[in-house]
Amino acid sequence: MGNDRVDAMVIFGATGDLAKLQTYPALVSLVERGVLDVPIIGVAHRGWNRQEFREYAAASLEQNHIDPHSGAAARMLDLLDYVNGDLTAQETYQALSDRLGERRRILFYLEVPPLLFGQIADGLASVGLHRDSRIMVEKPFGTDLESAQELNATMHKVFAEEDIFRVDHWLGLEPMENILYVRFANSIIDPLLNRTHVESIQITMAEDFGVADRGKFYDRTGAFRDVLQNHLMQLLASIIADEPAEGLRSWQDQRAHAIQSLRPLSADDTVRGQYTGYRDVPGVAPDSTVETYFAVRLFADSPRWQDVPILIRGGKCMPVSASEVSVRFRQPERNVAGIEGFRGMNELRFRVRPETAVTLTLAGKKPGIDAQAQVEELTFAQQPGSDPRPYDRLIGAALEGDRFFFAREDTVEASWRVVDPILGDVAPLYDYTPGTWGPREADRLLPEGVPWHDLAG
């Protein structure tokens, strides 16, 4: 379809949780920025009319502390229309086509389970709505490599790869874009990010809450599928990818190469954990062996990162809710200054949640007679809540045909190739107490003398 703008937007699953929590507030922002001024048609099977749908969207705005009567909100609500129908029925797609009239450059946003992707794509094709349109789909993109390949093949029967926009909302986060800026806008940073200077890389995604009311979903999914194959692989790619030689347009190529360079995981590189009390959650099997925590050790077969251990962990019921990358640099070969307690002290950290922050740890001499080190941190940070909504960025880019913030087919499948070998019960499952950093067995993955980075510190 190219980079031409669309003349309408259609949301399948327009009355679901994602729409209520994220989509409508983002649409207000897009209207306010002048990015969105085309009809927005919601499709759902609620038996509603246009007015009832608009009332639902207005309630969503109020829930997100947006006045539905304010200028941009009122204009967004005026753009909304509604088609009621069963997504498995041909009449629904004909009714949608009739409502669109002459408009044929459409952004279709599928806020529905992947099981329905093929059904919707075929329905759109049956009335010719696919030809000049693009489609935006939410993760999960499969549950393993085989299902991801099948899902991609299903979509490609109707839409070309360049017209498929796969949403991993982490790619729309401000801190993810900030990593790109910090790496390539500062000549002192990226030349140090390689095997010569870096001892190890750690990524932690910690959540201080449990599964809550998502027991049935989570027990089918687990932490590997929920956050490792998608969010954390995308984050890692931003850290280890080479500089895009052709600017931003080739950044996705470099990210794909980075993930393709990773060796597939094995049980020896994996520790799984489950917090005490998980099996008591409604919807969870009483004998469940699903992991709520994982730690993995990865290596990249690339000249830049050969033999540098990459440690990634993620889990529920941990001490804090935060996500961060820690790049630990090698210590100097000699203790020239005779520093007491000499050790490697240089670290570069990228905070992804709850705020955007970049911190460089440096050592200097502590004032006084003795040769003691004093460690200080240089931090560039933004306050929590100051970042744009990720769906503002994502939907805006899809409206313009900009694929920069979306997951590509080759990257998704490469991620599954890395994670596939450890899915299921391949590695032992250990218990851990809520409020801790997971099972101690994860320590065996670390390089000798290197602790896990403490996000709570």
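His231 touches Lys139, Asp168, His169, Trp170 and Asp226, leaving out residues up to four places away in sequence. The model shown here is predicted. His231 is part of helix α8, which spans residues 215-240. Is His231 buried or exposed? Its relative accessible area is 4%, so His231 is buried. UniProt, in an unreviewed entry, places the annotation "active site" on His231.

One partner of His231 leads to the next annotation. Lys139 touches His231, and Lys139 also appears in the UniProt list for "binding site", again from an unreviewed entry. That list includes Gly13, Ala14, Thr15, Gly16, Asp17, Leu18, Ala19 and Lys20. Asp86 and Leu87 are on the list too.

Take two of these residues in turn. Ala14 sits in the loop between β1 (8-12) and α1 (17-32). With a relative accessible area of 0%, Ala14 is buried. Beyond its neighbours within four places in sequence, Ala14 contacts Ala19, Tyr24, Gly42, Val43, Phe53 and Tyr56. Leu18 belongs to helix α1. Here the relative accessible area is 24%, so Leu18 is partly exposed. Leu18 is in contact with Thr23, Tyr109, Glu111, Glu138 and Tyr391, once its neighbours within four places in sequence are set aside.

The contacts of Ala14 point to a group of rings. Tyr24, Phe53 and Tyr56 all touch Ala14. Which residues do ring pairs link into a cluster? They are Tyr24, Trp48, Phe53, Tyr56 and Tyr82. A pair of aromatic rings is described by how far apart the centres are and by the angle of the planes. For Trp48 and Tyr56, the centres are 5.3 Å apart and the planes make an angle of 50°. This pair is tilted, because an angle that is neither under 30 degrees nor over 60 counts as tilted. Tyr56 itself is buried, at a relative accessible area of 16%. The model holds 14 aromatic pairs.

Next comes strand β6, residues 164-167, where Ile164 lies. Ile164 has 1% relative accessibility and so counts as buried. Its contacts, neighbours within four places in sequence aside, are Ile135, Val137, Met155, His156, Phe159 and Arg403. Ile164 and Arg408 are 244 residues apart along the chain, yet their C-alpha atoms are separated by 8.5 Å. Arg403, a contact of Ile164, lies over the face of Phe165. The distance from Arg403 to the ring centre is 5.6 Å.

Now turn to the empty space inside. How many cavities of 30 Å³ or more are there? The count is 4. The largest cavity holds about 170 Å³ of space. Its lining is made of 16 residues. Leu171, Ser238, Trp251, Arg255 and Phe404 lie nearest the centre of the largest cavity. Helices α7 (174-185), α8 and α9 (251-260) each supply at least two residues of this lining. Helix α8 is also where His231 lies.

Last, a loop. Lys316 is found between β10 (310-315) and β11 (322-329). Is Lys316 buried or exposed? At 4% relative accessibility, Lys316 counts as buried. Lys316 touches Glu207, Phe209, Gly210, Arg214, Tyr218, Tyr275, Thr292 and Tyr432, not counting residues up to four places away in sequence.

Definitions and conventions: Residues are numbered from 1 along each chain as its sequence is written. This is a predicted model: local features need pLDDT of at least 70, side-chain atom pairs count only at pLDDT 80 or more; totals for chains, interfaces and linings use all residues. Side-chain values use heavy atoms; hydrogens and water are left out. Rings of Phe, Tyr and Trp (its six-membered ring) pair if their centres lie within 6.5 Å; planes under 30 degrees apart count as stacked, over 60 as edge-to-face and the rest as tilted. Buried means under 20% relative accessible area, exposed over 50%, partly exposed in between (1.4 Å probe, protein chains only). A charge sits over a ring if NZ of Lys or CZ of Arg is within 6 Å of the ring centre and within 35 degrees of the ring normal. UniProt positions are given in the numbering used here, feature names are shortened, and annotations may be inferred rather than shown by experiment. Helices (H or I, at least four residues) and strands (E, at least two) are DSSP runs, numbered from the N terminus. Contact means heavy atoms within 4.5 Å. On a 1 Å grid over the protein atoms alone, a cavity is a set of points where a 1.4 Å probe fits but cannot get out, and a pocket is an open set with protein on both sides within 12 Å along at least five of seven lines; lining residues have an atom within 4 Å of a point. Grid points are joined across faces, edges and corners, and a volume is the space filled by probe spheres set on the points.
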